[in-house]
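Ready to get to know a new protein? Have a look at the sequence and the model below, then work through the exercises at your own pace.

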Amino acid sequence: MPVSLDHFAAFVVASVILLVIPGPTIIMVITQALAHGRRIALASVLGVGLGDLVATSLSIAGAGALLATSASLFQLLKFVGAAYLIWIGYKMWRSPVQIPDMTETDIPAASGRPGVIFRDSFLITALNPKGILFFVAFVPQFIDPAAPYAPQAAVYVLTFTLLGIVNAAMFAFVAAGARQTIRRPRVMKAALRTGGSLLMMAGIAAALTRRAA
């Protein structure tokens with residue numbers, strides 16, 4: 001194993017603590033699971049996983065250092081990500097409540113819906129420069145300078161991505177389970193609007209966050 005067990009264990013513990021705190025991506029996963037059930041929520045989980053993989057890989061490849069030194073690039077990516085969060089939140093807030101009378105296994109996959117949800121989850125996760133910068137600052141704490149950097153970084157990237165997928169899946173399955181007991185349109189509408197509002201607030205907060213010196 002290219003990393004020491006002590007460093008790896010510490011990284012896993014720190015990552016789990018970081019991931020269990022719900023952020024914009026987890027809010028979206030929960031909302032989609034409540035609205036559409038497990039089958040469609042799986043697309044959002046996979047989107048989060050790919051977004052984490054891309055963001056962490058870019059940070060290791062040097063994108064994090066570039067963002068840390070380029071104020072204009074950081075601001076551009078920050079506003080693009082913030083605008084997308086606000087747009088997705090707005091779509092969720094306006095989304096009509098659909099509660100079918102059939103079981104989840106009887107519901108045909110809606111044309112394009114899994115792809116759209118996968119895309120939205122991926123872009124929200126990947127278009128987060130603060131996340132890339134955080135990972136750049138986070139990983140070196142567990143790197144052994146006496147060992148080759150690339151193999152260690154690869155292990156940490158893949159581990160963080162896997163933990164992110166498991167974390168998102170747990171939130172999705174719990175929310176989808178609750179969906180089976182929460183069938184009233186008023187409650188579902190409140191859940192959609194709450195999730196959409198939180199995403200829009202997260203986008204506004206991201207747009208207003210100043211770049212650290």
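The exercises below go from the whole chain to pairs of helices and then to single residues. Please keep in mind that this is a predicted model.

**Exercise 1. The overall make-up**

Task: State how many helices and strands the protein has, and give the pattern along the sequence.

Solution:
- Step 1. Count the elements: there are nine helices and zero strands.
- Step 2. Read along the sequence, which gives α-α-α-α-α-α-α-α-α.

**Exercise 2. Inside, outside and contacts**

Task: Find what share of the residues is buried, what the accessible surface comes to, and what share of the contacts with a separation of 6 or more joins residues 24 or more positions apart.

Solution:
- Step 1. Of the 213 residues in the protein, 37% are buried.
- Step 2. The accessible surface is about 11200 Å², and carbon and sulfur atoms hold 71% of that area.
- Step 3. Among contacts with a separation of 6 or more, 89% are between residues 24 or more positions apart.

**Exercise 3. Helices H2 and H3**

Task: Decide whether H2 and H3 are roughly parallel or antiparallel, and describe their contact.

Solution:
- Step 1. Take the axes: those of H2 and H3 come within 7 Å and cross at roughly 165°.
- Step 2. Angles over 145 degrees count as roughly antiparallel.
- Step 3. H2 and H3 are therefore roughly antiparallel to each other.
- Step 4. The crossing of H2 past H3 is right-handed.
- Step 5. On the H2 side, the contact uses Thr25, Val29, Gln32, Ala33 and His36. Their partners in H3 are Arg38, Ile40, Ala41, Ser44, Val45 and Val48.
- Step 6. Sorted by class, the residues of this contact of H2 with H3 are six nonpolar, four polar and one charged.

**Exercise 4. Helices H3 and H6**

Task: Do the same for H3, residues 38-61, and H6, residues 113-126.

Solution:
- Step 1. The axes of H3 and H6 come within 7 Å, with a crossing angle of roughly 30°.
- Step 2. Angles under 35 degrees count as roughly parallel.
- Step 3. H3 and H6 are therefore roughly parallel to each other.
- Step 4. H3 makes a right-handed crossing with H6.
- Step 5. H3 brings residues including Ile40, Ser44, Gly47, Val48 and Asp52 to the contact. From H6 come residues including Arg113, Ile117, Phe118, Ser121 and Phe122.
- Step 6. By class, this contact of H3 with H6 holds 12 nonpolar, five polar and two charged residues.

**Exercise 5. Three residues up close**

Task: For alanine 33, serine 121 and asparagine 167, decide whether each is buried or exposed, and look at what lies around it.

Solution:
- Step 1. Recall the cut-off: buried means under 20% relative accessible area.
- Step 2. Alanine 33 sits in helix H2, residues 24-36. Its relative accessible area is 0%, so alanine 33 is buried. The C-alpha atoms of alanine 33 and alanine 169 are 9.8 Å apart, although 136 residues separate the two along the chain.
- Step 3. Serine 121 belongs to helix H6. With 2% relative accessibility, serine 121 is buried too. Beyond its neighbours within four places in sequence, serine 121 is in contact with Met28, Ser44, Gly47 and Val48.
- Step 4. Asparagine 167 lies in helix H8, residues 149-179. A relative accessible area of 9% makes asparagine 167 buried. Leaving aside neighbours within four places in sequence, asparagine 167 is in contact with Leu19, Val20 and Ile26.

How values were computed. Residues numbered from 1 in each chain as written. Predicted model: local features only at pLDDT ≥ 70, side-chain atom pairs only at ≥ 80, totals over all residues. Heavy atoms only, no water. Helix = DSSP H or I, 4+ residues; strand = E, 2+ residues; numbered from the N terminus. Buried < 20%, exposed > 50% of the residue type's maximum accessible area, 1.4 Å probe, protein only. Contact = heavy atoms within 4.5 Å. Areas by Shrake-Rupley, 256 points an atom, 1.4 Å probe, with all protein chains shown as cover. Axes fitted to C-alpha atoms, helices over the stretch in contact; angles between N-to-C directions. Parallel < 35°, antiparallel > 145°, perpendicular 65-115°, else oblique. Left-handed = near helix turned anticlockwise from the far one by under 90°. Nonpolar A, V, L, I, M, F, W, Y, C, P; charged D, E, K, R; others polar.
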